[in-house]
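User: I would like to learn how to read the features of a protein model, one at a time. Could you give me the general idea of each before turning to the case at hand?

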Amino acid sequence: MTRVFNFSAGPAALPAEVLEQLRDEMLEWRTSGMSVMEMSHRGKDFVGIAERAEADLRELLAVPSNYKVLFLQGGATGQFAAIPLNLTTGDSVADYVNTGAWSKKAISEARRYCKVNVAADAGGNYSTVPSRDGWKLTPGAAYVHYTPNETIGGVEFPFVPDVGDVPLVADMSSTILSRPIDVSRFGVIYAGAQKNIGPAGLVVVIVREDLLGRARPDTPTVFDWKAMAADGSMLNTPATYSWYVAGAVFQWIKRQGGLAAMERLNRAKAEKLYAAIDGSGFYRNPVTKECRSWMNVPFTMPSEALDKPFLEGAKAAGLVALAGHRSVGGMRASIYNAMPMAGVEALVGYMAEFQRKHG
Ligand SMILES: *Cc1c(COP(=O)(O)O)cnc(C)c1O
């Protein structure tokens with residue numbers, strides 16, 4: 001068996017320790033006589049697994065007690081629709097900040113349900129974050145939506161924007177659990193699981209309780225946060241196995257020392273990789289320094305003709321999924337929590353060797 005260093009943006013690498021636990025529990029979870037996949041979601045065993053996962057996530061993120069934590073399906077993209085459905089009427093205005101590919105998708109979906117004001121737009125190549133001073137927020141907006149980390153552009157907010165009393169809604173799909181955050185600054189946090197939480201099939205929504213109960217009457221029940229919260233996210237069958245794996249990942253993060261330890265590791269990984277890029281005179285990252293993502297690191301070389309040999313050599317060295325998003329080309333290394341420092345060191349070593357041959 002050969003495990004590679006997997007730099008995929010998502011679905012992304014999981015910690016080997018978690019995968020080993022899943023293997024050991026595959027045929028029989030504890031003394032249940034069955035796999036978690038085969039259990040009733042209403043049974044005592046699965047309800048215990050689900051509650052434990054929620055409690056661990058609450059502990060890791062220090063989620064205040066006036067927030068609900070939901071484990072839903074439909075991905076972050078489903079929430080692009082669920083957000084306006086839960087928080088607007090047809091006449092409401094929702095403010096959106098556009099910092100790149102995922103912001104744009106959230107905006108175009110919201111436009112199907114409510115009036116959207118693009119309060120700020122990074123523009124150009126979407127390689128920076130618009131400073132808070134210039135945002136044109138709507139007084140009385142239903143909410144302000146932004147994307148703290150743009151997974152494709154590799155652009156991350158170095159601040160949490162202050163939007164007064166208007167609920168702040170954040171798509172944290174590719175940054176949640178990378179460091180501690182102050183949940184009380186947000187009305188809604190949501191994140192597809194397949195980057196930093198666990199397997200695809202699950203989206204975590206953390207919503208302040210006063211924002212429940214505003215859904216439009218025609219909101220699909222599975223997207224109605226209040227209905228889902230009332231049933232512990234089990235109004236219908238949840239993504240049971242993904243939920244269980246997420247719980248195993250939360251336990252793993254706790255064993256590593258929680259989000260403070262994740263922050264130290266992630267900062268060190270990102271610094272090492274950006275230093276290698278900036279110091280090379282060969283590799284280039286286009287993002288404004290203070291807005292560089294800790295999780296997704298895009299880079300280019302002097303010629304696109306080098307992309308293919310770079311990727312082939314990387315693969316031969318056990319470093320995979322480094323191709324940039326199809327919309328932007330170049331390279332992208334996603335270095336989520338599960339990527340160890342050894343993976344970043346191997347990548348940096350390979351990059352130096354490639355430059356010696358082709359630079
Ligand atoms: C991956 C990603 C999404 C899309 O997630 P799905 O679960 O595929 O819908 C949305 N937003 C961001 C920031 C992402 O990284």
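Analyst: Let us begin with polar contacts: a polar contact is a pair of N or O atoms within 3.5 Å, where, within protein, one must be able to donate a hydrogen and the other to accept it. Please keep in mind that this is a predicted model. Between domain 1 and domain 2, 11 residue pairs are in polar contact, with both partners at pLDDT 80 or more.

User: Which residues of the chain belong to each domain, and how many salt bridges cross the interface of domain 1 and domain 2?

Analyst: Domain 1 covers 17–255 and domain 2 covers 259–358, and the centres of the two, taken over C-alpha atoms, are 27 Å apart. A salt bridge calls for a side-chain nitrogen of Lys or Arg within 4 Å of a carboxyl oxygen of Asp or Glu, and by that rule 0 salt bridges are found across the interface of domain 1 and domain 2.

User: What is the area buried between domain 1 and domain 2, and which elements supply at least two residues each of the side of domain 1 that touches domain 2?

Analyst: About 1,900 Å² is buried between domain 1 and domain 2, and carbon and sulfur atoms give 59% of that area. On the side of domain 1 that touches domain 2, at least two residues each come from α2 (44–61), β7 (155–156) and α6 (240–256). Sorted by class, that side of domain 1 has 10 nonpolar, 10 polar and 3 charged residues. In terms of contacts, 23 residues of domain 1 meet 24 residues of domain 2.

User: How many residues surround the ligand, and which are the closest?

Analyst: The ligand is surrounded by 13 residues, of which T77, T151, D171, Q194 and K195 are the closest. For D171, a polar side-chain atom lies 2.6 Å from a nitrogen atom of the ligand, while for K195 an N or O atom in the side chain is 2.6 Å from an oxygen atom of the ligand. With A76 the partner is a polar backbone atom, which is 3.2 Å from an oxygen atom of the ligand.

User: Is the peptide bond from G10 to P11 cis or trans, and is the phi of S233 positive or negative?

Analyst: As a general guide, most residues other than glycine have a negative phi, and most peptide bonds are trans. Here the bond from G10 to P11 is cis, with omega near -10°, and P11 sits in the loop between β1 (5–6) and α1 (16–24). S233, although not a glycine, has a positive phi of about 60°, and S233 belongs to the loop between α5 (225–230) and α6.

Terms used
Residues are numbered from 1 along each chain as its sequence is written. This is a predicted model: local features need pLDDT of at least 70, side-chain atom pairs count only at pLDDT 80 or more; totals for chains, interfaces and linings use all residues. Side-chain values use heavy atoms; hydrogens and water are left out. Domain bounds come from an automatic or database domain assignment. Contact means heavy atoms within 4.5 Å. Buried area is the accessible area (1.4 Å probe) that two parts lose on being put together, summed over both. Helices (H or I, at least four residues) and strands (E, at least two) are DSSP runs, numbered from the N terminus. Ala, Val, Leu, Ile, Met, Phe, Trp, Tyr, Cys and Pro count as nonpolar, Asp, Glu, Lys and Arg as charged, and the others, Gly among them, as polar. A residue is near a molecule or strand if one of its heavy atoms lies within 4 Å of it.
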